[in-house]
Structures are given as structure tokens and as C-alpha cells.
Amino acid sequence: MHANRSSSIVVVDFGAQYAQLIARRIREQHVYSEIVPSTISFEELKEIDPRGIVLSGGPKSVNEPGAPRLDRQILDMGIPILGICYGAQLIAAELGGVVEKNSKGEYGRVEMSAKDHGLLLSHSPLVQNVWMSHFDAIVEAPPGFIVTASTPSSPVAVMESEERRIYAVQYHPEVAHTDFGQQLIGNFMTDAVGASASWTSYSIIEESLSDIRSQIGRERVICALSGGVDSSVAAALVHEAVGDQLVCVFVDTGLMRSGERETVEKTFRNQFKVDLVVVDASEKFFSLLKDVTDPEEKRKIIGNTFIRVFEEVAHEIRGAKFLVQGTLYPDVIESGTKDAAKIKSHHNVGGLPDDMEFQLVEPLRLLFKDEVRAIGEELGLPEKIIWRQPFPGPGLAVRIVGEVTPDRVEIVRRADSIVQDEIEAAGLTRSLWQSFAVLPAVKSVGVMGDERTYAYPIVLRAVTSLDAMTADWARLPFEVLEAISSRVIAEVPGVNRVVYDITSKPPGTIEWE
């Protein structure tokens, strides 16, 4: 998907934890947005030809040596610019304002008072709560800027220059804790940028179908189908585009959830009449994972083996040249690009071999999970598939700390099945981003039936999130935790303890490996 660049908004990332959230908030206005690094040059930005620019927050001080800067020519392009937090301070510093360290920072919810609505604060109260996270503050706006709002510790909380078409806020309108943040972003999109609300599920589908047909032509193509929402929507898009040129391939790695293979066969072969090939490669995966304990090595092995299995299948399908994958935008960002530091390799991005025979088709590469689900609904996929919780490509291998063996996989698979049963019974599936079991590489002493045991604990992980870039641990009801614990200990041999992971992301990741 190339996206309509001429109607896009570019989010310049200065290392903010919220850069992805800014991009999502803009897309919620049905305007396409993409993230670029702060090192982008004036010439590179001109090639993208955006309608507007947003400068994100960041962890540095603009007064620090080596702090990220912006190509100065960008501020003189005449394109509407919105600076947020660090982005606002950078605008002030570059254009002749003053940024100083406060005697105390502002963190959390703060009451802001405006003397004028200006463009950014129109259709919102003059006094409102905003979310601050900064130590430096703009104490003097640059020449030509009008200060419209302030807080006790931020003399310049909002500033605007209609002549320059540059706007800036010290706070974070993209977070839910800012009461009228989405209104402000909408004001910028509509009144400053004049962007059209053309980024819709229908437009995404139409553009994707055109791109897929253009890329594939009349060649054969295979799709890596896991049964999860991402690969299912990708498969549906490609099938809509090229019909029987598509063959879906489900690789049983031995690392799947309980009943996964049967569900995939029933849904795609019987219900949707898709040409489906099922390959049982579990012995191969277990053999290659023997004695491997490093998480990155696991991911690399699984990514390579996936591709080799697909290549073998491709030779039997009259030489398919293309491979469809359900790669999403967060996968690309987390796997390390020039736009983002590497956090972990996703099997379908950073784990692919250099000598791969396929050309990749990734129709969801620019999309967040909520956008993928909306497209799935538009395409008529069943709700059960659309709202499945995300499942990692490497499967249960990254939910097992240490060596991956058939016995250990069976333990975590049975425990995970119980987790899903109880979460569904409690009516919590839709409210959680993910809920699953993890098997650590430790054992503990317990007592069962008056006898000493020395067995594994199961770690229960459940989180809420909008896009997996950040996540909070879920406050599950005690009765649900009790039901899961009791059943796991009673029904899963080799387990004598259940613990609950209450770590958010950051600092942790959602998966353990």
C-alpha cells in the first residue's frame, strides 16, 4: 500500500513513547499519517509532500548538547506544523523563543487556562485539564507567535503563528488524560491543514486491491495463514484481489494453540472455500529448537524455517513467486528501522533470511491493529476471527522461557487453553488486548495431596492496549484469577503454582520473549 502521500500527515519522531499514538489519533480523523525519524532532511520531506507535519515529544532537553534537531528549512516550508512537548520547545528554540529548565517539572494532569481559543482550542473550554510530561518549559514565545494558554509552571502552554502556519502545545493532546486533546488534533487537521477525511476502511481496501493486483500480476501467490486476525485479513484481501491465484498455507509448527489446526481447516477450507494446504512441520521445528534458549535465536530459527517450508510448498504449487504476510505497522517499528530502535525481531520482519526466494506481499504493513479489524469487518470476515486476541508468529515458543520441547509446549498449551476458557466465560475477551500463559524456566516446591512437589509455575499475563505499542496490566477480578489458578493446578500435570504478571509496557513487553 503506497497511501496517498499528497493528503498525508508526517509525524516526526524525536524518540517519544507517544509517537505511534499521535499517528493513530490522526488516523482516527480519517487522515493518513506516517512516522519518520527526526533525521529526515528537507529534501526527503519534500519528496513525501505531506499536507501537514507534527513534531512529537521526546526525552531530551532542547538545550542539551547532541539533542535531536530538525532540518531548519522544514520550519520555513509553509506547511502547517504542530509541535507537541519537545516539538513545541524545539520550535521555540529554533525561531528565537526561550526554553529554560523549570524549578520543578510538570507531570500528570494539570489545569490549563486560555485567554483566547485561537485555532487549536476552538470548540473547547477556556479552562481544561491537560496531560503534562516535561521539565523544561517555554518561558518566552518566538517573535510573531501569540500565546493563547498557560499553566502555573508553563507560561507558554499553547502558542500559534498564523502567518508561519506553525502551532505548538507544551502538553500531550494525543493521550486520553487530556480532556479535549482529540478536538485539538481535529482542529489542526481541519482548520490548519485542510485535510480531507479520506482514510477510511473502504479507501484502504480499494487502494490495497489495486496495489496487490499491480504487484502480483498473473503470478501464483501463497499466503502464510495462521488463523489469527492479521493473516486472515491479509488472505481475504489478496483473495479478493487475485482469486484462485492464491493458495493459503498453514504450517503446523507444533507451537500453536490448542485446536488451532482444526479451526483453521474448518474455517478456511470448508467455510470460505479457500485453496488451503496444511503442512505438519512440527518435528522439524522441535529439532532445530533443541537446546536453544536465547529468545532472539528462537525467533530467527522460526522465521528461517517458516520460509524454507514455504519454499518447499511453493515448488509444488507451480513455482509461486510471492508470499503474503500479515505484517503490521507496530511489527515494522519494533523490529528496528531507521525510524525506530530495535526492541525485538518479529519473525515476519527481522527474522527473514537474506536469500529468501519469495517477494513479499504485505498489504497491512502500514496499518495498526484496530484498522485491520475494521477492514476485516468490511470484508465480511466472521466476528470470531476479527476479534481473536493477537498471537505471536513464533507461537508458544516465545511463551516458554528456556528450551522449547514437546513436553514443555504441551504444559503451556493446556494452561493457555484454560486461561482462554475462563476469560471467555467471564465475558472479558473483547476488553483485553491479550491474555495467555507463560512457562518460565524455574521450578518451585509445593504440596499436593500431602506430598512434596517440585514443579513449574505458570505465569498468567493479561493486558489492555489500543495498539500494542503501550499496554497496561489488566485488573482481572479475583474470582477469575482464582478460577484460572485452581483449574491450571488441578488439570495441568507438572504445574504447582500460578502467579500474575502486573508489569505494564513499558518497561516490560507484552510477550515474555
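Me: The radius of gyration is taken over C-alpha atoms, and the globule rule is 2.2 Å times the number of residues to the power 0.38. What makes the protein agree with a compact globule?

Reply: For 513 residues the rule gives a radius of gyration near 24 Å, and the protein has 25 Å, so the two agree. Along its principal axes, the C-alpha trace spans about 70 × 65 × 40 Å.

Me: Where do these values come from, and how are residues numbered?

Reply: This is a predicted model in which local features need pLDDT of at least 70 and side-chain atom pairs count only at pLDDT 80 or more, while totals for chains, interfaces and linings use all residues. Residues are numbered from 1 along each chain as its sequence is written, and side-chain values use heavy atoms, with hydrogens and water left out.

Me: How do you know what confidence the predictor has in the protein?

Reply: From pLDDT, the predictor's confidence in each residue on a scale from 0 to 100. The mean for the protein is 88, and 94% of its residues reach 70 or more.

Me: Which residues are under 50, and what contacts does the model give them?

Reply: Residues 1–6 stay under 50 in pLDDT, and the model has 20 contacts for them beyond four places in sequence; a contact means heavy atoms within 4.5 Å. Residues 336–351 are also below 50, with 52 contacts in the model beyond near neighbours in sequence. Where pLDDT is low, the predicted coordinates should not be read in detail.

Me: How many helices and strands does the protein have, and what makes a run count as one?

Reply: The protein has 14 helices and 19 strands. These are DSSP runs numbered from the N terminus: H or I over at least four residues for a helix, E over at least two for a strand. As for contacts between residues at least 6 apart in sequence, 74% of them join residues at least 24 apart.

Me: Why is Arg257 called buried?

Reply: Buried means under 20% relative accessible area, exposed means over 50%, and partly exposed is in between (1.4 Å probe, protein chains only). Arg257 has 14% relative accessibility, so this residue counts as buried. Arg257 belongs to the loop between strand 11 (246–252) and helix 7 (260–271). Apart from neighbours within four places in sequence, Arg257 contacts Arg388, Gln389, Phe391, Arg413 and Asp416.

Me: And what makes Ala320 buried?

Reply: Its relative accessible area is 9%, so Ala320 meets the cut-off for buried. You will find Ala320 in the loop between helix 9 (295–316) and strand 13 (322–324). Arg220 is 100 residues away in sequence, yet its C-alpha is 4.6 Å from that of Ala320. Arg220 is one of the contacts of Ala320 beyond four places in sequence, along with Val221, Ile222, Ala314 and Phe358.

Me: What makes helix 3 count as mostly covered?

Reply: Helix 3 (residues 86–94) has seven buried residues out of nine. They are Tyr86, Gly87, Ala88, Gln89, Leu90, Ile91 and Ala92. After the helix comes Gly96, with a positive phi near 100 degrees. Over the protein as a whole, buried residues make up 58% of the 513.

Me: Why is His123 called exposed, and why is Arg165 called partly exposed?

Reply: His123 has 66% relative accessibility, so His123 counts as exposed. Arg165, at 34% relative accessible area, is therefore partly exposed. His123 lies in the loop between strand 5 (98–114) and strand 6 (127–140), and Arg165 in the loop between strand 8 (154–161) and strand 9 (166–169).

Me: What is the phi of His123 and of Arg165, and what is usual?

Reply: His123 has a positive phi of about 65 degrees although this residue is not a glycine. Arg165 also has a positive phi of about 65 degrees without being a glycine. Most residues other than glycine have a negative phi, and most peptide bonds are trans.

Me: Is the peptide bond from Lys505 to Pro506 cis or trans, and what about the bond from Pro506 to Pro507?

Reply: The Lys505 to Pro506 bond is cis, with omega near -10 degrees. The bond from Pro506 to Pro507 is cis too, with omega near 15 degrees. Pro506 is in the segment after strand 19 (495–500), as is Pro507.
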